[in-house]
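Open the model in your viewer and keep the selection panel at hand. The stops below can be taken in order.

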Amino acid sequence: MKPRQLIYFIKVVDVGNITKAAEQLNLAQTALGIQIRNLEESLHVQLLDRHSRGVSATPAGLLLYERAHEILQRIEDTRRDLISLAGERARIRLGATPSILKLIGTELVVAAKQQLPGIALHVVEELSFVLTDALERGELDYVLAYDIDENPGLRRLALMKEDLLHIAAPGGDTPEGGISFKQAVAGDLALVSSRDIIWRRIHKTASRLSLDVNVTYQVQSMEAIKALILHGLAESIMPFGIVSEEIQSGALIARRIERPSVRLTLYLAHAAHKGLSDDTAFIAFVDGMIDRLAATIGPYAHPIDRSQPPQIETDH
């Protein structure tokens, strides 16, 4: 058995469908199917029942599913113990979104060196859905990402809610104050792909209100979207961090969306098989960074009350 095969198997059981699991793992369906069959052949046992609705674990598969979490955790524990024995710093791979790193990225790296001397922090910047995919593939240890879907393979700690803003170039006919959701989705919008959490949240809200969303430009880069807005070719809906400098300089106008407001939830997430006992200092560090992030975002941030001991959400 290979660790990656166990990660793949856990995902297939969680999703109950090889095609959907392959999409979430960013693998070809054929490649994932071969990996599962190779795992069954190496163990000489059938792990999955295939049926018209997808797949489900056999009794042997359920046993492996439970043990796979334990095995992956033992591998992680062993890696850390060996690193500690060798006198090296433990490594934590943290993913965070562009809006977060644009506001506190430098501060996060500097503070980590001061407050976490025993940890080498490796930071990756990507959109939320890309980070979640990487976390599920075992390429990251933690992610700070928005609106992470419920997933049996992940555990989430809700940290903060944040208002999305309507962003446009300044103009003589741009009214002050907020903007209704209906008005916000009627302009020439530039958004990312349908997998992006902002796209999903906007379209879900619009569907509930029986409104159309006028997506004129579908662009994969937030910086490219920002360029379109600066040239007056498009409007967009995005978090404050992406355009904080342009808002403060007056190059762009940010308006709070109302009737209804649109908010995302920021989570700290990690794989379900991973324990938190060895990372208590890191969790406390992240908590402090979120307080700093909320202060920087200002009135658009709504921290979740953490006066009580943090409760990790488990999607089992």
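Select Tyr142, Phe282 and Phe285: ring pairs join these residues into a cluster. The model is a predicted one, and in it the count of aromatic pairs comes to three. Begin with Tyr142 and Phe282, whose rings are 4.9 Å apart centre to centre, with 45 degrees between the planes, a tilted pair. Colour by secondary structure and Tyr142 appears in strand β5 (residues 142–146), while Phe282 belongs to helix α11 (residues 280–297). The pair therefore ties together parts that are 140 residues apart in sequence.

Buried or exposed: which describes Tyr142? Tyr142 has a relative accessibility of 0% and counts as buried. Phe282 also counts as buried, at 0% relative accessibility.

Now move from Phe282 to Phe285. This aromatic pair is tilted as well, with 6.4 Å centre to centre and 35 degrees between the planes. Both residues sit in helix α11, and because they are three residues apart there, about one helical turn separates them. Phe285, like Phe282, is buried.

Keep Phe285 on screen and add Ala112, which is part of helix α5 (residues 98–115). Which residues does Ala112 contact, leaving aside neighbours within four places in sequence? They are Pro117, Leu121 and Phe285. A distance label between the C-alpha atoms of Ala112 and Phe282 should read 8.7 Å, although these positions lie 170 residues apart along the chain. Ala112 counts as buried, with a relative accessibility of 5%.

Next, select His166, in strand β7 (residues 165–168). His166 is buried, its relative accessible area being 3%. Show side chains here: a polar contact of 2.8 Å connects those of His166 and Glu235. Then display what else His166 touches, not counting residues up to four places away in sequence. Besides Glu235, the list holds Ile179, Ala184, Ser236, Ile237, Ile253, Ala254, Arg255 and Ile257.

Turn to the pockets. The largest pocket has a volume of about 480 Å³. To centre the view on this pocket, select Ile7, Leu72, Gly138, Ala271 and His273, the closest to its centre among 24 lining residues. Which elements each supply at least two residues of this lining? Highlight α1 (3–15), α4 (59–85), β3 (90–96) and α6 (128–136). Coloured by class, the lining of the largest pocket shows ten nonpolar, five polar and nine charged residues.

The last stop is the second largest pocket, with about 360 Å³ of space. Of the 20 residues lining this pocket, select Gln24, Thr132, Glu136, Asp149 and Arg195, which lie nearest its centre. Two or more lining residues come from each of α1, α2 (18–25), α6 and α8 (197–208). Which element gives the most to this lining? The answer is α6, with four residues. By class, the lining of the second largest pocket divides into seven nonpolar, three polar and ten charged residues. Select α1 and α6 to finish: these helices supply lining residues to the largest pocket and also to the second largest pocket.

Definitions and conventions:
Residues numbered from 1 in each chain as written. Predicted model: local features only at pLDDT ≥ 70, side-chain atom pairs only at ≥ 80, totals over all residues. Heavy atoms only, no water. Buried < 20%, exposed > 50% of the residue type's maximum accessible area, 1.4 Å probe, protein only. Polar contact = N/O pair within 3.5 Å; in protein donor to acceptor, adjacent residues only side chain to side chain. Contact = heavy atoms within 4.5 Å. 1 Å grid on protein atoms, 1.4 Å probe; cavity = no way out; pocket = protein on both sides within 12 Å on 5 of 7 lines; lining within 4 Å. Points joined across faces, edges and corners; volume = space filled by probe spheres on them. Nonpolar A, V, L, I, M, F, W, Y, C, P; charged D, E, K, R; others polar. Phe/Tyr/Trp six-rings, centres within 6.5 Å; stacked < 30°, edge-to-face > 60°.
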